[in-house]
Amino acid sequence: MSIAAKFEIEYLQYLDVEGKQVRDDLPKFVTNLDHMVELYKLMMSTRVFDAKSVALQRTGKLGTYASCLGHEAAHVGIGSAMKPEDVLAVSYREYGAQLYRGVQPREVYMYWGGDERGNDYQNEPARHDFAWSVPIATQCLHAAGTALAFKIRGEKRVAVCTIGDGGSSKGDFYGAINIAGAQNLPMVTVIVNNQWAISVPRKIQSGAPTLAQKGIAAGLFSIQVDGNDIIAVRKAMEDALERARNGQGGSVLELVTYRLSDHTTADDARRYRGEQEVKDAWAKEPMKRLRNWLVAKGVWDDQKEEAWKTECDEWMDNEVNAYLQTKTQPVTAMFDYHFAEVPADLAKQRDLAISLEKKA
Amino acid sequence: MAQITLIEAVTQALAYEMAHDESVVVLGEDVGVNGGVFRATQGLQEKFGELRVLDTPLDETTIAGVTIGLATAGMKPVAEAQFEGFIYPMMEQIACHAARMRNRTRGRLTVPAVWRAPWGGGIRAPEHHSEANEHLFTNIPGLRVVMPSSPARAYGLLLAAIRDPDPVMFFEPKRIYRQYKEEVPDDGEALPLDVCFVLRDGTDVTIVTWGAQVKEALEAADALAEEGISAEVIDVATLAPLDFDTIAESVQKTGRCVIVHEAPKTAGFGAEIAARIAEECLYDLLAPVERITGYDTHIPLFRLEMKYLPSTERVVEAAKRTLAAS
């Protein structure tokens, strides 16, 4: 019997769960220890931001919120590898990547707090990124279309999309990587495999031993990465972005991590997963290993940790205050953004809403 | 000036706009070398290249989602669904994203895209190829739903749709793709969106319709005229957002209204127009509003197909009933 095709999936990891190097060929960016500290600081601020969001929801100041606890290395790794001119299409918990690209915590609070202006990112480069996409995996196709626009115009830019392990089961995900392969699009698809799609575990999400290998079917470079190791995530992202920018096509990265939180604040993960599993996952969490590595390098210590924690708390308090002080949009805002100009028929409904507002 | 069919008018509009705006791209299954299953995009790939006339993988969801990404990235994509019945897999992308992107981002990201689809029955096509489901899209805020009813309106409205800064569903009544020809100057002149076209003035009864049924409506008006009845015929053309003022003005004049459409009756777009007439023109009415529509059935395979579609005779009878009622 002859073999029509063979494949293998590489697994990339630089730091083990204790922060010890498991290989010597560290990527170049690691030599800049100040930058490594910056990455850690953003991971930490992401975690502080996340805790603050959950607290806001619990006290009735935020609607349903999707936590990113445990995803800090994956998300910051993605955001830090991208160039400003690239475009990011996320699902709904990739705050670490978005904060890196200029999305403000107050904007996230506004979105989950029921105000569309949270999607109108004020800072570059996030202003040309996509807003949060709740329908699973649909944003992968938007990234493919954006990558196609870059190719048509001959721009050296890359579209990056992120989805979860559950999202990789959807046709939109496959459609996106398929056209990326067929058209050699500058697109990087990142599966943030956090092991759970609400209550459905990875093992019954797909029979494939890795989710990365789905990219093989589309003809894309595919790799599995320790998603709790920011060095590995950043390196895999940088390589994928460079290949895409150089016309060498798209990639699929599977970042293996763990959702340490509930799916959203409306979910109770204790219903479907055991305490021991979560305890084991905490032992592998992403911040401890980078902190240990930085401490070993002599560039981080408890005092710095405490000082940065205080700074993050102040930052988030300031953002929360800005969010809470934001006035609700006028009732006309319901009508003003459906079309470039409000159609006559809709304008009549707008007038009705204004008149009801005056009576209220 | 050459006389052209409706499908040729579609091609002419696409070619004109692609030549004058390099951000316009066409994508879909078979749109390139093959020129589309109905030949709407014939010759465009030779003229504009494989990237601006892109044969996509065979996946409607991909076409719809990629179209959104192209549009938000500054292109003006014109996507083709091969048949209206194949548009269902596109609906999630259109409803959840295309229709909402401007609103979701307070105008930061917009979707200036067109989705074209050969619409409706009457061409002896297989199952799933004859859907009339425009009402599914008129109920989605943020979408324009446009349907031409002649070669000239296909040319002018498609140009307007491509130039529109918001997403447009452009449903082409394939029953009349090649039914007749008319002179359509290739001058790049767009027709206005969001307005109804009064195709024939009348004083006794208003016939409101769109797409392929305009033919039956005009034939009915001719037949009624022979009996001394003056029918006004309105081609809605843009179903959403609706220009109800033109319809109201006509109903206020005639006091009678017959709404004709191919889609199923229940919750069809005729129900919306009838309800608006009841809300805003009830005391102008001299007779109950009539709806002549498809049945609340799946459109049958082609041996029964013509018995499903509204006929000229049914429209004439309905108009006469409205006159007999008052």
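## Exercises on a predicted two-chain model

In this predicted model, 42 residues of chain A are in contact with 41 residues of chain B.

**Exercise 1. Describe the interface between chain B and chain A by area and by polar pairing.**

Step 1. Start with the area. About 3400 Å² is buried between chain B and chain A. Carbon and sulfur atoms give 61% of that area.

Step 2. Find the main contributors in chain B. B:L51, B:R106 and B:R108 lose the most area to chain A. Together they make up 22% of what the chain B side buries.

Step 3. Count the polar pairs. Between chain B and chain A, 16 residue pairs are in polar contact, both residues at pLDDT 80 or more.

Step 4. Assign the chain B side to elements. Those giving two or more residues to the side that touches chain A are β3 (53–55), α3 (60–72), α4 (91–98), α5 (101–104) and α9 of chain B. α3(B) gives the most, with eight residues.

Step 5. Turn to charge. The rule finds four salt bridges across the interface of chain B and chain A. A separate entry describes a salt bridge between the side chains of A:D345 and B:R276, at 2.9 Å from N to O.

**Exercise 2. Which residues have the most contacts inside the largest nonpolar core?**

Step 1. Take the core. The largest one has 122 residues. B:W115, B:F137, B:I247 and B:I273 have the most contacts inside it.

Step 2. Look around B:F137. Leaving out residues up to four places away in sequence, B:F137 touches B:E84, B:I87, B:M91, B:I94, B:L143, B:V145, B:M169 and B:F171.

Step 3. Check for another core. A second, separate core has 69 residues, including A:M110, A:V158, A:L253 and A:L290.

**Exercise 3. Place B:I277 in its surroundings.**

Step 1. Locate the residue. B:I277 sits in helix α10 (residues 269–281) of chain B.

Step 2. Classify its exposure. B:I277 counts as buried because its relative accessibility is 0%, under the 20% cut-off.

Step 3. List its partners. Beyond neighbours within four places in sequence, B:I277 is in contact with B:F244, B:I247, B:V251, B:C257, B:L282, B:L285 and B:V289.

Step 4. Add a distance. The C-alpha atoms of B:I277 and B:A99 are 27 Å apart, and the two residues are separated by 178 places along the chain.

**Exercise 4. How many disulfides does the rule find over all chains?**

Step 1. Recall the cut-off: the two cysteine sulfur atoms must be within 2.5 Å.

Step 2. Give the count. The total is zero disulfides over all chains.

Step 3. Test A:C140. Its nearest cysteine sulfur belongs to A:C161, 3.8 Å away, and A:C140 is in no disulfide. A:C140 is buried, at a relative accessible area of 0%.

Step 4. Test B:C96. The closest cysteine sulfur to that of B:C96 is in A:C140, at 14 Å, so the gap is too far for a bond. B:C96 is partly exposed, with a relative accessible area of 24%.

**Exercise 5. Where are the cis peptide bonds at A:P125 and B:P241?**

Step 1. In chain A, a cis peptide bond joins A:E124 and A:P125, with omega about -5 degrees. A:P125 lies in the loop between α4 (105–112) and α5 (138–153) of chain A.

Step 2. In chain B, a cis peptide bond joins B:A240 and B:P241, with omega about -5 degrees. The loop between β12 (238–240) and α9 (244–254) of chain B holds B:P241.

Key: Residues are numbered from 1 along each chain as its sequence is written. Chains are lettered from A and ligands numbered from 1 in the order in which they are written. This is a predicted model: local features need pLDDT of at least 70, side-chain atom pairs count only at pLDDT 80 or more; totals for chains, interfaces and linings use all residues. Side-chain values use heavy atoms; hydrogens and water are left out. A nonpolar core is a set of buried Ala, Val, Leu, Ile, Met, Phe, Trp, Tyr and Cys residues joined through side-chain atoms within 4.5 Å. Buried means under 20% relative accessible area, exposed over 50%, partly exposed in between (1.4 Å probe, protein chains only). Contact means heavy atoms within 4.5 Å. Helices (H or I, at least four residues) and strands (E, at least two) are DSSP runs, numbered from the N terminus. Buried area is the accessible area (1.4 Å probe) that two parts lose on being put together, summed over both. A polar contact is a pair of N or O atoms within 3.5 Å; within protein, one must be able to donate a hydrogen and the other to accept it, and residues adjacent in sequence count only if both atoms are side-chain atoms.
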